[in-house]
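Colleague: I'm new to this one and would like a close look at a single part. Could you pick a good place to start and work outwards from there?

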Amino acid sequence: MNVKESKYDVIIMGAGIAGLICGAFLAKNGKKVLILEQHHIPGGYCTSFKRKGFIFDAAVHHIGGCGKWGIVGRCLSELDINIRFLRLDPMDSIHFPTFSLDVPAELDDYVQLLTQQFASENKTIPVFFKEFVGLYRSTVSTGKSKLLSKYQDLTYKEMLDMYFTDERLKMVLSAQWGYIGSPPHEASAIGMCQMLVNYLKDGAYYPVGSTQNFTDRIAQKFIDYGGQIMLSSTIKKISTKNTFAKGVITDKGEEFFADNFVSNIDPLQLFFTLIDNQEIEESYLHKIRKMKGSGSFFLLYLGLDSRIDLKGLKRGFYHTSRDMSFADNGWFYISVPTHADASLSPDNKQIITVVVSIKERFDEIEDWNIFKEKKKQYTIRYLETFLPNIQNHIDVMEMGTPRTLERYTLNSKGAAYGWAVTVDQTWSNRLRHTTPFRNLFLAGHWTNPGPGICAVVSSGWRVASMILNN
Ligand SMILES: Cc1cc2nc3c(=O)[nH]c(=O)nc-3n(C[C@H](O)[C@H](O)[C@H](O)COP(=O)(O)OP(=O)(O)OC[C@H]3O[C@@H](n4cnc5c(N)ncnc54)[C@H](O)[C@@H]3O)c2cc1C
């Protein structure tokens, strides 16, 4: 798109889902908004790519809260965006070396299933879920809450230990920790609650046509409301004066000015590369320097022929750990998106994508090609335990590493979820939307409420409201 103006009401840095939602609300309310995005497509982690007719979702597999009363559902309705979603049922399936379980789409059914399977805890299970849902409600309502104070300093493991003794039950209730990236003994109870209740109560959904379709509909609505988006435009510098941001300069040397700015990008890049941070108080910079990014993953994308039988392969977490410590940090998240939406592949062919947890630290990986090859073999070997002949059915294979995720989104070290969702980095301990610059706001998974599409939708919406109510 040709952008003629150089002065805007609001400039948004990054067309991730938080940036796009924020932009759509601002543009709908009459603001002149420019979104600058370094990639040639919008969406950040919520993008898809095509190979030989197969459409692969790059990262996001499903989205929480897309029903009428969920956060995403309400947001899309406010913006008058129509997207067809498929509700996933079961919500998920979880596997350990010695047992497996399907997580039903309805929370009441899940509670009933757990009370049957874990009879010794059958009185406590409903009590736990009542509290858990109450805690979730406190996170989305304004005002003080006793529940938030009660759990704010607890890990999810500590919360589970308050209720249960059965280790297998605790493993089941922790099995989906990969969705926030920190194991139960590190993950914040509030962070885990935000993610889990969102999926268990408001549902997990797949946007028909791909996750890129979800993104493109939002981007199109932003444009329909009068917003402007410039793709393949990397912000290289932000000018500031007297605690105000003034303008941005792109890699092509273009300069744009605005009254307000929203950053949908990694704060490490924002505050340590793009902005001259001498105006910022050292305590703020020190806090950011000390914060820990979330982990990253290896990704395998397979386009398979139509002869392979995937009927028995369930979408969900496959853990190699045998106990609650999750000490080996080993899991595969296997998904067969063509089970939900056959239009993603040509001629009745099928897709498997696998997200693989990794122990290696980004900076310690010396040779990314060796890393990639090792992870590929490890993942295919694991898939062969279910599908012994899978190698004979592969039409297309692609891979992604933390470095790939970093390259496409500029999230440092390919951090999947912004800051790690630990007790000291969640809720009031996460970075606020406001910054030391009075007209510069943060939206997205590095700020509140946290990671995941539903959370970043909420984040973008909140920041738009802050600017509109200013
Ligand atoms: C493998 C994987 C699987 C996941 N699965 C799920 C899932 O199934 N469901 C779910 O809800 N969540 C999932 N998540 C988490 C979710 O994808 C993220 O939390 C969310 O997408 C983050 O959105 P965001 O708007 O904060 O930012 P991002 O998606 O990180 O977008 C930031 C944007 O800013 C752009 N940008 C950065 N720097 C610049 C610059 N200098 N100039 C211009 N543009 C710039 C980037 O290119 C990018 O488009 C997954 C994440 C990963 C990595």
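Modeller: Let's start with β6 and β9, which pair in the antiparallel sense over three bridges. Keep in mind that this is a predicted model. To find the pairing on your screen, look for L86, whose bridge partner in β9 is Y206. These two strands belong to an open sheet of three strands, in the order β5-β9-β6, with antiparallel pairing. β5 and β6 (85–87) are the edge strands, since each pairs on one side only. Strands of a sheet pair through backbone hydrogen bonds, either parallel or antiparallel.

Now step to the loop between β4 and β5, where you'll find H62. Is H62 buried or exposed? H62 counts as buried, because it has 25 C-beta neighbours inside 10 Å and 20 are enough for that label. If we leave aside its neighbours within four places in sequence, H62 is in contact with L88, A204, Y205 and Y206. Y206 is a residue you've already met, as the bridge partner of L86. There's a long jump along the chain to L299: H62 and L299 are 237 residues apart in sequence, yet 16 Å apart in space, C-alpha to C-alpha.

Follow the chain back from that loop and you come to a hairpin. It's made by β3 and β4, with two residues between them. K52, in the turn, has a positive phi of about 45°. The two strands pair in the antiparallel sense over four bridges, and K50 stands opposite I55 in β4. As for the side chains of β4, F54 and F56 point one way while I55 and D57 point the other, and all of them are buried. That fits a general pattern: in a regular strand the side chains alternate between the two faces of the sheet.

So what packs around here? Helix α9 ties a lot of this together, as its buried residues pack against β3 (48–51), β4 (54–57), β5 (63–64) and β9 (204–207), as well as α1 (17–28) and β10 (228–230). The buried residues of α9 include F214, I218, A219 and F222, but also D216 and K221. You can check the helix for length too: its 14 residues, 211–224, should span 20 Å at 1.5 Å a residue, and the end C-alpha atoms are 20 Å apart, which agrees. Just after α9, G226 takes a positive phi of about 105°.

One of those partners, α1, leads us on to the ligand. Which residues are closest to the ligand? They are G14, G16, G44, Y45 and G444, out of 39 that surround it. The elements giving two or more residues to this shell are α1, β14 (297–304), α14 (402–409) and α15 (453–468), and α1 gives the most, with three. By type, the shell divides into 22 nonpolar residues, 16 polar and one charged.

Finally, zoom out to the domains. The chain is divided into domain 1 (7–46 + 209–292 + 419–468), domain 2 (105–202) and domain 3 (297–400). The ligand shell draws at least three residues from each of domain 1 and domain 3, and the centres of those two domains, taken over C-alpha atoms, are separated by 32 Å.

Terms used. Residues numbered from 1 in each chain as written. Predicted model: local features only at pLDDT ≥ 70, side-chain atom pairs only at ≥ 80, totals over all residues. Expected span 1.5 Å × (residues − 1). Buried ≥ 20, exposed ≤ 12 C-beta atoms within 10 Å, placed from the backbone. Contact = placed C-beta atoms within 7 Å. Near = placed C-beta within 6 Å. Nonpolar A, V, L, I, M, F, W, Y, C, P; charged D, E, K, R; others polar. Domains from an automatic or database assignment. Pairing = 2+ DSSP bridges.
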